[in-house]
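Welcome! Have a look at the sequence and the structure, and then let us walk through a few features together.

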Amino acid sequence: MTVGKHWTLDDIPWDRFERSKVDPELLKVIKAAAMVEYNGGDYATYLCNVFPDDLEFKAAAKQWAGEEVQHGLALGRWAEMADPDFGFQASFKRFTEGYRLPLDARESVRGSRSGELVARCIVEVGTSSYYSALGEATEEPVLRAICKNIAADEFRHYRLFYKHLKRYLDKEGVGRLQRVLVALRRIGESEDDELAYAYYAANGGDEPYDRKRWSHAYAYRAFGYYRPKHVERGIAMTFKAAGLNPRGNLARWTSRGAYRFLKYRRQRLAATAA
Ligand SMILES: [Fe+2]
Ligand SMILES: [Fe+2]
């Protein structure tokens, strides 16, 4: 890939696909990820509503959303290769019929623009560490290449939202406590409906939606791919977005605790998420 030029679907080595290396459990979470990513266009609409007078940010948000949509297309195409019975567009339709973003919002649901940008940083922390972990977990060469490209984008997205966050912090006078609270709230939402519903829409067949069951099923699988280094980097990026020292003792203790929590949570979920 040339510098300054974003990758396209044609850069993915589709002909190197190896069916025998597809892990059916990983395939399930990839299908769910494809739903959420492909929904990026709606997020751009929401962000443009929240930053109506900020032309620079609106342009960046549209470009960003185009990249997220492409993530969905790449993952969806891979999932269709890996499982010919999977219909990406049909599943996506089911996802958007059951899950809608607050598209009519005129102000950030996070209380301020800075808050919105902290939340966007946290989402990119989540996706960058997730695709790093998935890319290292899979032996399938095409999925590896896709995850590597996507992870690089997600790290860049984090830097993009962080750059705009710095611009708004002074303007809005948002303090560290508020930033920490927004970050915590957004992390708390990570087991929320969006991913659980995406997982259900892509994997649920004819069954009715049961929020608890599907969110457990999703989290149980997703948590299994993280290694300590992914958590460490994610916590450092989270601390930075929240205005805390990313390299201090608190960050170190938090990342150890977070990794232990993931392992503990996964053990607890094993009983209900089979
Ligand atoms: Fe993405
Ligand atoms: Fe992203």
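This report covers the metal sites and then a patch on the surface. Please keep in mind that the model is predicted.

## The first iron site

Let us begin with the iron ion (ligand 1). Its protein donors are Glu37 (OE), Glu37 (OE), Glu68 (OE), His71 (ND1) and Glu154 (OE), at distances of 1.9 to 2.6 Å. Along the chain, these donors show the spacing E-x30-E-x2-H-x82-E.

Two of the donors, Glu37 in helix H1 (residues 24–38) and Glu154 in helix H6, are 117 residues apart, and the pair links distant parts of the chain. Both Glu37 and Glu154 are buried.

## The second iron site

Now for the iron ion (ligand 2). Glu68 (OE), Glu124 (OE), Glu124 (OE), Glu154 (OE) and His157 (ND1) coordinate this ion at 1.9 to 2.7 Å. The sequence spacing of its donor residues is E-x55-E-x29-E-x2-H.

Here Glu68 lies in helix H3 (residues 55–82) and His157 in helix H6 (residues 141–172), so this pair ties together parts that are 89 residues apart in sequence. Glu68 and His157 are both buried.

## A shared residue

Which residue bridges the iron ion (ligand 1) and the iron ion (ligand 2)? The answer is Glu68, and the two ions lie 3.8 Å apart.

## A patch on the surface

Finally, turn to the surface. Leu177, Leu181, Leu184 and Ile187 make a nonpolar patch of about 410 Å² there. Ile187 belongs to helix H7 (residues 176–188). With a relative accessible area of 40%, Ile187 is partly exposed.

How values were computed. Residues numbered from 1 in each chain as written. Chains lettered and ligands numbered in written order. Predicted model: local features only at pLDDT ≥ 70, side-chain atom pairs only at ≥ 80, totals over all residues. Heavy atoms only, no water. Patch = residues over 30% accessible without salt bridge, like charges linked within 9 Å, V, L, I, M, F, W, Y side chains within 5 Å. Areas by Shrake-Rupley, 256 points an atom, 1.4 Å probe, with all protein chains shown as cover. Salt bridge = Lys/Arg side-chain N within 4 Å of Asp/Glu carboxyl O. Helix = DSSP H or I, 4+ residues; strand = E, 2+ residues; numbered from the N terminus. Buried < 20%, exposed > 50% of the residue type's maximum accessible area, 1.4 Å probe, protein only. Donors = N, O, S within 2.8 Å, 3.2 Å for Na, K, Ca; no water.
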